[in-house]
Amino acid sequence: MVALNSGDEIKRTQELEESKQLLAAQREMYSTAKRLDCANAFVCFAVPLCVTLAQLAFPIPPGALIAVWLLTMAAGLVFPGLSAGLVKNAAQVQQAFDSKVFGVPFENAHLCRRDVDRYADRYYARCERKDMDPGLDGWYSADLSGIEAGEAVARCQRQNAEWTRRLLWRSVGGEVVAAVAFGALLGSLVAYLSVDPLSLTFLLSIAEWIIQRVARCLSALQKVGSLSASMSFDLSSGENIERVQNAIYEYRSSSYITSDFMYRLFKGADDMATSRD
């Protein structure tokens, strides 16, 4: 029988330096994955878009088009795999943090101590360089004082799930609206200039990139839907706590990553909304 931590024990454990080390490492892993995603978007979307717009104005040498095509192919093969690997590692480190804080040996709570130390050091150095608060205090801000073990863990999981739901719907909604608006504008421009779409070398690759991004959004929404469904059970039991945690891990390890801008912009409001139980 696993002895779950009480609310007071969760509050104490999450403030330990070794617990914050795990949080710092997973944040840096996610941040690195986001930078790789941005690099992939620049090479596979922004560059082909610029080439397409340039083609509307003047002809581009075939050699230059081939070079851009090879660049986008290489980036499309390398960057997503690197990013997905970092996201999975970050999810496992976060799972290890929850396992330690909740007092439950969750599955997938794997970590390489050397990687944790390396990424945590990078995170702390970046915060110091930018004179930025690491933001690792009071990770679970729900009211846990005097709360019994099972209910305390359930409150943390509910806060986690609600925060995830709010952030994801906001991010996905923004991306879908932007994709539809961009597609309409580009299509209107091509039609206005009476250009044969087949003559635009990268038009289809741009559309493919957008469709893949939207598909990742929908996949993430499906996982959050599974997480919401798992919250309908009695979370104070050990079995259901592990079931919810597995659903949380499935979302955390998904390839869709929300932007830091959206996270920081609504962090205060989300924290206030999800800390009330």
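Ala90 is buried in this predicted model, with a relative accessible area of 0%. Because that value falls under 20%, Ala90 counts as buried rather than partly exposed. The residue belongs to helix 3, which spans residues 62–102. Its surroundings bring in a part of the chain remote in sequence: once the neighbours within four places are set aside, Ala90 is in contact with Gln26, Met29 and Tyr30. Glu28 also features in this picture, as 62 residues along the chain separate Glu28 from Ala90, while their C-alpha atoms are 8.4 Å apart.

Attention may now turn to empty space inside the protein. Rolling a probe the size of a water molecule over the atoms reveals where such space is left. The structure holds one cavity of 30 Å³ or more, and the largest cavity contains about 30 Å³ of space. Its lining is made up of Asn160, Thr164, Leu227, Ile248, Tyr251 and Arg252. Helix 5 (149–192) and helix 7 (238–252) are the elements that each supply two or more residues to this lining. Helix 7 gives the most, with three residues. Sorted by class, the lining of the largest cavity comprises three nonpolar, two polar and one charged residues.

A word on confidence completes the description. The protein has a mean pLDDT of 83, and 90% of its residues reach 70 or more. Among its elements, helix 4 (residues 113–129) has the highest mean pLDDT, at 93, whereas helix 8 (residues 260–275) has the lowest, at 69. Where pLDDT is low, the predicted coordinates should not be read in detail.

Definitions and conventions: Residues are numbered from 1 along each chain as its sequence is written. This is a predicted model: local features need pLDDT of at least 70, side-chain atom pairs count only at pLDDT 80 or more; totals for chains, interfaces and linings use all residues. Side-chain values use heavy atoms; hydrogens and water are left out. Helices (H or I, at least four residues) and strands (E, at least two) are DSSP runs, numbered from the N terminus. Buried means under 20% relative accessible area, exposed over 50%, partly exposed in between (1.4 Å probe, protein chains only). Contact means heavy atoms within 4.5 Å. pLDDT is the predictor's confidence in each residue, from 0 to 100. On a 1 Å grid over the protein atoms alone, a cavity is a set of points where a 1.4 Å probe fits but cannot get out, and a pocket is an open set with protein on both sides within 12 Å along at least five of seven lines; lining residues have an atom within 4 Å of a point. Grid points are joined across faces, edges and corners, and a volume is the space filled by probe spheres set on the points. Ala, Val, Leu, Ile, Met, Phe, Trp, Tyr, Cys and Pro count as nonpolar, Asp, Glu, Lys and Arg as charged, and the others, Gly among them, as polar.
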